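Me: Please take a close look at one part of this model for me: the surroundings of the ligand. Then link that part to the rest of the fold, in short steps I can follow.

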Amino acid sequence: MKRLDALRAIYSFLEDRVVVTIMGAVAAELQSIGHRANFFYLQHAMGLASSMGLGIALTRPDRQVIVLDGDGSVLMNLGGLTTLARYRPRNLVHVVFDNESLLSVGGFPTATSTGTDLAAIAAAAGVRRTATARTLDEFRGAFDEAIAARDLTTIVAKVDAVGPSKYVTELSLLENRFAFQRYLAII
Ligand SMILES: Cc1ncc(C[n+]2csc(CCOP(=O)(O)OP(=O)(O)O)c2C)c(N)n1
Ligand SMILES: [Mg+2]
């Protein structure tokens, strides 16, 4: 499965949800489909996208929050899963695109390439709903089920280690930050 295809498969759903992504390839891919004011691309703070999503989900229980994470990022902050599970925001879906690689910085293999199972770690951390998707159909099914369940879910989507030709986009961090802050203030 290509991450870009997985993003395309859920894009229409993301259009009016609060979306937080990690930096790098996934941010550039989502922007290539179409940036929206309700999308925030967390730069630099690797491993903290779920923490930011958690904060928004807890303060805005009326909104659905989707976090688009990466294997390397989650591995860098495994404690984030325990905190997510502890607060169990029912309005947060945590998607981890697992390409078994630190793709955005050159493609170094991560621990998921040697057997680490992030869905199992999320479950052991206390996340009650977890899924692993290896095909586009499985991903779409797992995503729809997570939304319907109205409960915290971590979906590990196993994707190819391929990304966009360039990761730097025209949208600057500060511009994205202020526009996202204004979006959250008016919804
Ligand atoms: C604390 C910290 N260390 C290192 C980096 C450099 N860095 C940026 S993206 C990235 C790889 C992210 O890997 P992953 O989450 O698997 O996403 P992928 O690039 O594979 O899509 C790294 C190491 C960073 N931004 N922050
Ligand atoms: Mg990765």
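Reply: Start at ligand 1 in this predicted model. Its surroundings count 17 residues, and Gly70, Gly72, Ser73, Leu103 and Ser104 come nearest. Sort the shell by class. Eight residues are nonpolar, eight are polar and one is charged.

Which elements supply at least two residues each? They are α2 (25–34), α4 (71–76) and β5. The largest share comes from α4, with three residues.

Now look at the strands. Strand β3 covers residues 65–70. Gly70, one of the residues that come nearest to ligand 1, therefore falls within the range 65–70 given for β3.

Strand β3 belongs to an open sheet of six strands. Read the order across the sheet: β2-β1-β3-β4-β8-β7, with parallel pairing. Why is one side of β2 and of β7 (129–133) left without a neighbour in the sheet? Both strands stand at the edges, and each has a single partner strand, so one side stays free of a neighbour there. On average, neighbouring strands are turned by 15° against each other, with direction ignored.

Focus on one pair in this sheet. β3 and β4 pair in the parallel sense, over six bridges. Find Leu68, and you will see Val95 of β4 standing opposite. A helix joins the picture here. Helix α6, residues 118–125, packs on the sheet and touches β4, β7 and β8 (153–158). The direction of α6 makes about 180° with that of β7.

Next, follow the loops at two of these strands. Most residues other than glycine have a negative phi. Two residues here are worth a look for that angle.

Take Glu100. Its phi is positive, about 55°, although Glu100 is not a glycine. Where is Glu100? It is found in the loop between β4 (92–98) and β5 (101–102). So this loop leads to β5, a strand that supplies at least two residues of the ligand 1 shell. Is Glu100 exposed, partly exposed or buried? It has 19 other C-beta atoms within 10 Å, so it counts as partly exposed. The cut-off for buried is 20 or more.

Now take His44. Its phi is positive too, about 70°, and His44 is not a glycine either. His44 is found in the loop between β2 (39–41) and α3 (49–59). Its count is 8 other C-beta atoms within 10 Å, so His44 is exposed. The cut-off for exposed is 12 or fewer.

How values were computed. Residues are numbered from 1 along each chain as its sequence is written. Chains are lettered from A and ligands numbered from 1 in the order in which they are written. This is a predicted model: local features need pLDDT of at least 70, side-chain atom pairs count only at pLDDT 80 or more; totals for chains, interfaces and linings use all residues. Helices (H or I, at least four residues) and strands (E, at least two) are DSSP runs, numbered from the N terminus. A residue is near a molecule or strand if its C-beta atom, placed from the backbone, lies within 6 Å of it. Ala, Val, Leu, Ile, Met, Phe, Trp, Tyr, Cys and Pro count as nonpolar, Asp, Glu, Lys and Arg as charged, and the others, Gly among them, as polar. Two strands pair if DSSP finds at least two bridges between them. Axes are lines fitted to C-alpha atoms, for helices over the stretch in contact, and angles run from 0 to 180 degrees between N-to-C directions. Two residues are in contact if their C-beta atoms, placed from the backbone, lie within 7 Å.
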